[in-house]
Amino acid sequence: MKLKNSFTTGLSIIVEPWANEFHLPPGSECEVVSIGGAVDTEILIELEAPSTLIFWVNTPGALYEYWQDGKLID
């Protein structure tokens, strides 16, 4: 799941169910990737507040990778 921050302010990106939080500056891009687990990948994006997005990795048994501006962060 890819996302570009087109706002003039940063966004808080939270990856659940691990509750890991990242900061996405204006103009930056991020990608949340489901790794392993079930064959059918499911990632849901939830807008919690004007500047907070939650990526729910709902793939049973999966882990995730968080990429920002082409670099693996977590």
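**Exercise 1. Describe the overall architecture of the protein chain, from its strand pattern to its dimensions.**

Solution. Read along the sequence, the protein chain of this predicted model follows the pattern β-β-β-β-β-β-β-β. The radius of gyration is 12 Å, close to the 11 Å that the globule rule gives for 74 residues, so the chain is as compact as a globular protein of that length. Counting the elements gives eight strands and zero helices. Along the principal axes, the C-alpha atoms fill a box of roughly 35 × 25 × 15 Å. Turning to the surface, the protein chain exposes about 4,500 Å², of which carbon and sulfur atoms supply 55%, while buried residues make up 31% of the 74 residues. As for contacts between residues at least 6 apart in sequence, 52% of them join residues at least 24 apart.

**Exercise 2. Work out the strand order of the four-stranded sheet, and explain why one side of E3 and of E5 is left without a neighbour in the sheet.**

Solution. The sheet is open, its pairing is mixed, and its four strands have the order E3-E2-E6-E5. E3 and E5 stand at the edges and each has a single partner strand, so one side of each lacks a neighbour in the sheet. On average, and with direction ignored, neighbouring strands of this sheet are turned by 25° against each other.

The next step is to examine the pairings of E6. With E2, strand E6 runs parallel, and five bridges join the two. With E5 (residues 43-49), E6 pairs in the antiparallel sense over six bridges; E5 and E6 also form a hairpin, with two residues between them.

**Exercise 3. Identify which residues stand opposite Phe-55 in E6, and state whether strand E6 is largely enclosed or open.**

Solution. Begin with the residues opposite Phe-55: Val-15 stands opposite this residue of E6, and so does Ile-45. Elsewhere in E6, Leu-53 has Ile-13 standing opposite. The general rule for a regular strand is that side chains alternate between the two faces of the sheet. Finally, consider burial, for which the cut-off is a relative accessible area under 20%. Five of the six residues of strand E6 (residues 52-57) are buried, so this strand is largely enclosed by the rest of the structure.

**Exercise 4. Two loop residues, Ser-28 and Thr-9, are to be classified as buried, partly exposed or exposed; locate each of them and give the reason for its class.**

Solution. Ser-28 is found in the loop between strand E3 (20-24) and strand E4 (29-35). Because its relative accessibility is 8%, Ser-28 counts as buried. To describe the surroundings of Ser-28, leave aside the neighbours within four places in sequence; the residues then in contact with Ser-28 are Leu-3, Lys-4, Asn-5 and Asp-69. With Asp-69, the side chain of Ser-28 makes a polar contact of 2.9 Å.

Thr-9 belongs to the loop between strand E1 (2-4) and strand E2 (11-16). Its relative accessibility is 48%, and therefore Thr-9 counts as partly exposed, since the exposed class requires a value over 50%. As a last step, relate Thr-9 to Glu-46: the two are 37 residues apart in sequence, and their C-alpha atoms are 18 Å apart in space.

Methods:
Residues are numbered from 1 along each chain as its sequence is written. This is a predicted model: local features need pLDDT of at least 70, side-chain atom pairs count only at pLDDT 80 or more; totals for chains, interfaces and linings use all residues. Side-chain values use heavy atoms; hydrogens and water are left out. Buried means under 20% relative accessible area, exposed over 50%, partly exposed in between (1.4 Å probe, protein chains only). A polar contact is a pair of N or O atoms within 3.5 Å; within protein, one must be able to donate a hydrogen and the other to accept it, and residues adjacent in sequence count only if both atoms are side-chain atoms. Contact means heavy atoms within 4.5 Å. Two strands pair if DSSP finds at least two bridges between them. The radius of gyration is taken over C-alpha atoms; the globule rule is 2.2 Å times the number of residues to the power 0.38. Accessible areas come from the Shrake-Rupley method with a 1.4 Å probe; for residues, only the protein chains shown count as cover. Axes are lines fitted to C-alpha atoms, for helices over the stretch in contact, and angles run from 0 to 180 degrees between N-to-C directions.
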